[in-house]
Amino acid sequence: MNTRLTPQDDRRLIHWHRLQALLAQIYSLLAAICENRSIATDLGADDPGAVDSRVVLVDHNRAAERLRRPNPRGVCGPNNTAVLDLAAFASINYLWNSVFHTGCEQGYELLAYFLKYSEGCRKLQHKQLVAVEGGLSFSKPASATVTDQNSGNSSFDSRDGYSTVCLGGTFDHLHLGHKLFLHAAVLLLNIRGTGGKSGHQCELVVGISSDELLATKQYAEELQSWDVRARSVLHFLSTLLSTSPAAPVQFEAVVAETKELHARYRNGSILVRCVDFHDVYGPTVKEKAIEALVVSGETRSGGDLVNKKRHSQGWSMLNVYEINVLDTISDTESGKQKQGAVGHFGSKISSTDIRRQKAEGREAAS
């Protein structure tokens, strides 16, 4: 994350392509490990030993130390992005069972800062701090750009973010690929102010395929209902956006032009709207205020259709951001193998494969 600091305005800029590529690498690694060990990873899985892996990005910039503004209880608030500063992350009252860190100089230095920032929130026992050998390193990708659909030009891959970002999918049996998709969209939000009636509020619009739209999917009997899928999305996003993990996520069912389920985070400064949609366009051609659209390689053509439709309506076209695919041999929805792809964990990022496994498990148990 690029940091631009002034005493009056501690604002951060997101290098979106670099961060989403990093997330894709981490989720690919998690998927490969879980595939190798036959561990279920879909959210809410009832398989023995299932895990709900969630990646949280944290920024540690020692140059920003002088601008930290803890409240009287020593708690530091979030910045204007979905990537928390280490001080703000450490201030969140998570009930950690263990805190792992690399057993090298940099790992111990980072641990020392974490413990310093978390002093007023919790007391960790020495046995909870676990040093591990080595660590992970990723090569720094080349500078990436994003295409501005309005001008046809490319802009630098760091910006203040958007007030309204949209993405769409089935989100059935929420898996690691879905988590990457949602996290990448969250990174584009410009989170300013304190929310409420007088403050700035940004929106993440998550289009979720209607039950009717999925009726012909393979293993349809194992499909989750729209309400279950929407709640899974909001529960996952609470890890990325909430600064009060102890407080339960508050849902608000809304009946507008179509069914919606809402949740608010960071004192109301972020509104997430799960919207029931019945066609390829969803809310993107009904809500002019949407500024950016996040797609995958599978939904890229849908993004093109959306912008053609908006252009025909006389609306500004959306800036389209495409996430990296997780390295795999399977298509995440159809379950079909892809030529030339690498990896062996398609069952961890394919809703179709997850439904197939559940159907086969029920049949074997009957």
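Here follows a friendly exchange about a predicted model of one protein chain.

Reader: Before I look at details, what is the mean pLDDT of the protein chain?

Author: Good place to begin, as this is a predicted model. In the protein chain, 77% of the residues reach a pLDDT of 70 or more. Averaged over the chain, the pLDDT is 80.

Reader: Over which residues does pLDDT stay under 50?

Author: Where pLDDT is low, the predicted coordinates should not be read in detail. One such stretch has 38 contacts beyond four places in sequence in the model, and that is residues 329-343. Another has nine such contacts, and that is residues 194-198.

Reader: Thanks! How many helices and strands does the chain have?

Author: The chain has 366 residues, of which 46% count as buried. Among its contacts with a separation of 6 or more, 70% are between residues 24 or more positions apart. The secondary structure comes to seven helices and 15 strands.

Reader: Let us take a helix. How far apart are the end C-alpha atoms of α6?

Author: Helix α6 covers residues 300-312, which makes 13 residues. At 1.5 Å a residue they should span 18 Å, and the model agrees with that, because the end C-alpha atoms are 19 Å apart.

Reader: Within what arc do the buried residues of α6 fall?

Author: The buried residues are G302, G303, V306, N307 and R310. Seen down the helix axis they line one face, because they fall within an arc of 135°.

Reader: And which residues are exposed on the other side of α6?

Author: The buried residues of α6 have cover that includes β14 (292-295) and β15 (319-322). After the helix comes G314, with a positive phi near 80°. On the other side of α6, the exposed residues are K308, H311 and S312.

Reader: Now a strand, please. Which side chains of β5 point to one face and are buried?

Author: In a regular strand the side chains alternate between the two faces of the sheet. Strand β5, residues 99-102, shows this alternation: F100 and T102 point to one face and are not buried. Pointing to the other face, and buried, are V99 and H101.

Reader: Which residue in β6 stands opposite V99?

Author: Strand β6 spans residues 129-132 and runs parallel to β5, with four bridges joining the two. Opposite V99 in β6 stands L129.

Reader: I am also curious about A263. What separates its C-alpha atom from that of Q250?

Author: A263 sits in strand β12, residues 259-265. It counts as buried because its relative accessibility is 1%, with the cut-off at under 20%. Beyond four places in sequence, A263 touches L234, V249, Q250, I270, L271 and V272. A263 and Q250 are 13 residues apart along the chain, and their C-alpha atoms are separated by 6.0 Å.

Reader: What about N190: how far is it from L13 in space?

Author: N190 lies in the loop between α4 (176-186) and β10 (202-209). At 9% relative accessibility, N190 counts as buried. N190 and L13 are 177 residues apart in sequence, and C-alpha to C-alpha they are apart by 9.2 Å.

Reader: Last one, on cysteines. Is C104 buried or partly exposed, and how many disulfides does a search of the whole structure find?

Author: C166 counts as buried because its relative accessibility is 2%. C104 has 32% relative accessibility, so it counts as partly exposed. As for disulfides, the number found in the whole structure is zero.

Notes. Residues are numbered from 1 along each chain as its sequence is written. Side-chain values use heavy atoms; hydrogens and water are left out. A disulfide is a pair of cysteine sulfur atoms within 2.5 Å. Buried means under 20% relative accessible area, exposed over 50%, partly exposed in between (1.4 Å probe, protein chains only). pLDDT is the predictor's confidence in each residue, from 0 to 100. Contact means heavy atoms within 4.5 Å. The expected span of a helix is 1.5 Å times one less than its number of residues. The arc is that of the directions from the helix axis to the C-beta atoms. Two strands pair if DSSP finds at least two bridges between them.
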